[in-house]
Amino acid sequence: MAVKVAASTPPRKCQSTTGAGDPEDVCLLQGAAKRPTRAWGLVTVSVSLQSRCFSSFVLLVFVMFVVTIVSVTTRSGTAAKPPTVPPPLITDFSVTTTTSSSGAGEQLTVPPPPTASAVDGGGRGVEECDMSSGRWVYDEKAYPLYEESACRFMSENLACGKYGRTDLRYQHWRWQPHGCDLPRFDAARLLENLRGKRLAFVGDSLNRNQWVSMVCLIDAGTPGLNKTVNSNGALFSFNIHEYNASVDFYWSPLLVESNSDHPVHHRAADRTVRAASIVRHARHWTDADVLVFNSYLWWRRPSIKVLWGSFGAAAAQAEEDEYTVSMAVDGLRAFELALTTWADWLEFHVDRARTSLFFISMSPTHLPSDGDNHGCYNETEPIAAADEGRGDHGLNPAFGRAVEEQVQRLGARGVAVRVVNVTGMSERRRDAHPSVHRRQWDPLTEAQRRDPSSYADCIHWCLPGVPDVWNQLLYAHIVS
C-alpha cells in the first residue's frame, strides 16, 4: 500500500450514509485533523483507518453470502415436489371364462389403474374401486333409469316390452360393485362435460346397442332440451343443440375396412377385411373428443379372408386383381392384424392431449351353442352363483389378450386407452336379451314357429337393461 506522508493529510473516519449499523458503510474524509501529528503517526493512523474500511467490506461480503445461502436452502426445503405422472396405460380389464375345448378356466388380469379423484355418488373414487367386480341386486325403487316408452329414440330391435315381453324384472337389476357404489347417471352433468364436444361410439351392433342406451339416458334425463338424430351413411348423430354437443355412432364392425361396412346390407358369407386399411372409417371419427370402440363378435369365425388391395368398383377391381394379395387366416390372427392398424392410427392421428379413448370388452352371448342349453329363451332371472362358469358364453380370452397387448403398446407410446370391463357382469344376465321379443324383419318360418328358441336373439340386450350399466361405468370415467 502506497502512503503519502504529509502533515496536511487529514485522518479518515468510517461514517454511515444510510444510518448506523447499515452494512453498506463508506469512509468519508473529515473536514480537518484535530491536531498536528508526526509523520510516523500519520502513517500509522492512515493505515489503521484504511484497514477498518477493508474489514467492514469483508464483513459485508460475508453477511451477504450467509444470507444468500440461507435463502436458497429455505426455498429448496419448502419447494413442492414435481407431481408424479401416472403411466398412460389405464385399464381395468379382467375376464374369467372357461374355454369350450379344454374346459379349463383361464384368467385375464391387468393391475388396477392409478388413483384419481372421486366421482359423486358415494363410496370410494372411480379409480380406487374395481367397478367391474360386484353382484346384481334387485332394486325395484331405483331402476330402471328410464322407461322404455319414454325414450323417443328407442330401437325396434331392443324394445322388448313393446314386442310382447310382459316379465319386466330384467329392468330392475342394479349393479353393486364390491366396496363402493356405482355413480348414478346424471345426464346434465355429462352434458356439461360434453359441451361443445363430440362423443363417438365406433364398432358393431353391440356398440350401437350401447349408443342407443346412452341416447335414451340423456333424453330421459334432460326432457326440456332440443335433440335430433341424423344419419349419413354409416354415421348416426344424436345432437343436443343447447350444448352444441353430439353423441354419435359409426358402423364399423371390424374397425378396419371390410365387405361388411354397409350399415344395413352387411351380411356376407365370405367375410373379407383389408387389415391394413382404416382411413375410410377413421376420417369420420378422428376429431371426436371421446371415442368408445368395440370389436369382437364379427371375428368369431374359423377363417377370415385378409386382403391387401382395394374394395373398389367391379371394373376397377378387375384391373387391380393382379396387384391384390389375399389370404384366408384364422379369425384371431386377422383380429390382431386389424388391431395393429387401429393402434397405429390412434398413435399418429388422434390428439392425445384432448381425446379420451375407451375400448369396451367382450359382450357375452347366451346361445345354445355356447353351452346354455336352450339359450336365453324364456329366461327371467340372472344366472345363479352356483351355475356360473357353465359354458363359455361365446367368450375367447385370446381376443381380450390381443386388445390388452395393443393398449399396453399404445400406453408405452403416450396414448392412454382405458378398457372398460363389462364382460363378467354381463355374463350373468342370460335373462336380459331380447330373445323373441323384438321386431322380426322377415316372416317367421314354420320351423321357427314350432321352436321359438331357434330364432331368439341371445346376443343383443333389451333396453332399459344391461348396456345402461355399461354407460354408468363410462359416465364415471368421463366425469371423474
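**Figure 1. A disulfide joins Cys151 to Cys216, with an S to S distance of 2.0 Å.** This close-up, like those that follow, is taken from a predicted model. Cys151 sits in the loop between strand 6 (134-138) and strand 7 (173-177), while Cys216 belongs to helix 3 (residues 205-221); the pair links distant parts of the chain, 65 residues apart. Look at the S-S bond itself: the torsion about it is about -80 degrees, so this disulfide is left-handed. Both Cys151 and Cys216 are buried. If you are keeping a tally, a search of the whole structure turns up 4 disulfides.

**Figure 2. Cys160 and Cys462 form a disulfide, with 2.0 Å between their sulfur atoms.** Here the parts tied together are 302 residues apart in sequence, because Cys160 lies in the loop between strand 6 and strand 7 and Cys462 in the loop between helix 9 (446-450) and helix 10 (466-479). The link of Cys160 and Cys462 is left-handed, with -95 degrees about the S-S bond. Cys160 is buried, as is Cys462.

**Figure 3. Cys376 and Cys458 are joined by a disulfide (S to S 2.1 Å).** The view brings together the loop between strand 17 (356-360) and helix 7 (397-412), where Cys376 lies, and the loop between helix 9 and helix 10, where Cys458 lies, so the pair ties together parts that are 82 residues apart in sequence. About the S-S bond of Cys376 and Cys458 the angle is -85 degrees, and the link is left-handed. Both Cys376 and Cys458 are buried.

**Figure 4. The largest cavity holds about 160 Å³ of space.** The structure has 3 cavities of 30 Å³ or more. Which residues should you look for first in this one? Tyr296, Ile360, Ser361, Met362 and Ser363 lie nearest the centre of the largest cavity, among the 19 residues that line it. Helix 3, strand 17 and helix 7 are the elements that each give two or more residues to this lining. Helix 7 gives the most, with 3 residues. By residue type, the lining of the largest cavity divides into 12 nonpolar, 6 polar and 1 charged.

**Figure 5. The second largest cavity holds about 80 Å³ of space.** Its lining is made of 14 residues, and those nearest the centre are Tyr143, Gln171, Trp173, Gly465 and Asp468. Helix 10 gives the most to the lining of the second largest cavity, with 4 residues. The lining residues of this cavity divide into 9 nonpolar, 3 polar and 2 charged.

**Figure 6. Strand 17 and strand 18 pair in the parallel sense.** The pairing runs over 4 bridges, and Ile360 has Val420 of strand 18 as its bridge partner. Ile360 may look familiar, being one of the residues nearest the centre of the largest cavity. Follow the side chains along strand 18 (residues 417-420): Val417 and Val419 point one way, Arg418 and Val420 point the other way, and all are buried. In a regular strand, side chains alternate between the two faces of the sheet.

**Figure 7. Arg174 and Asp139 meet through their side chains in a salt bridge (3.0 Å, N to O).** Arg174 is in strand 7 and Asp139 in the loop between strand 6 and strand 7, so the salt bridge ties together parts that are 35 residues apart in sequence. Is Asp139 buried or exposed? At 16% relative accessibility, Asp139 counts as buried. The whole structure holds 19 salt bridges.

**Figure 8. The side chains of Arg165 and Asp167 form a salt bridge (3.8 Å, N to O).** Arg165 is buried, with a relative accessible area of 9%. Asp167, at 22% relative accessibility, counts as partly exposed.

**Figure 9. Glu347 and Arg413 make a salt bridge through their side chains (2.8 Å, N to O).** This pair links distant parts of the chain, 66 residues apart, with Glu347 in helix 6 (residues 331-349) and Arg413 in the loop between helix 7 and strand 18. Glu347 counts as buried at 14% relative accessibility, whereas Arg413 counts as partly exposed at 39%. Elsewhere, Arg152, Asp219 and Lys227 are joined into one network by salt bridges that share partners.

Methods:
Residues are numbered from 1 along each chain as its sequence is written. This is a predicted model: local features need pLDDT of at least 70, side-chain atom pairs count only at pLDDT 80 or more; totals for chains, interfaces and linings use all residues. Side-chain values use heavy atoms; hydrogens and water are left out. A disulfide is a pair of cysteine sulfur atoms within 2.5 Å. Buried means under 20% relative accessible area, exposed over 50%, partly exposed in between (1.4 Å probe, protein chains only). On a 1 Å grid over the protein atoms alone, a cavity is a set of points where a 1.4 Å probe fits but cannot get out, and a pocket is an open set with protein on both sides within 12 Å along at least five of seven lines; lining residues have an atom within 4 Å of a point. Grid points are joined across faces, edges and corners, and a volume is the space filled by probe spheres set on the points. Ala, Val, Leu, Ile, Met, Phe, Trp, Tyr, Cys and Pro count as nonpolar, Asp, Glu, Lys and Arg as charged, and the others, Gly among them, as polar. Two strands pair if DSSP finds at least two bridges between them. A salt bridge is a side-chain nitrogen of Lys or Arg within 4 Å of a carboxyl oxygen of Asp or Glu.
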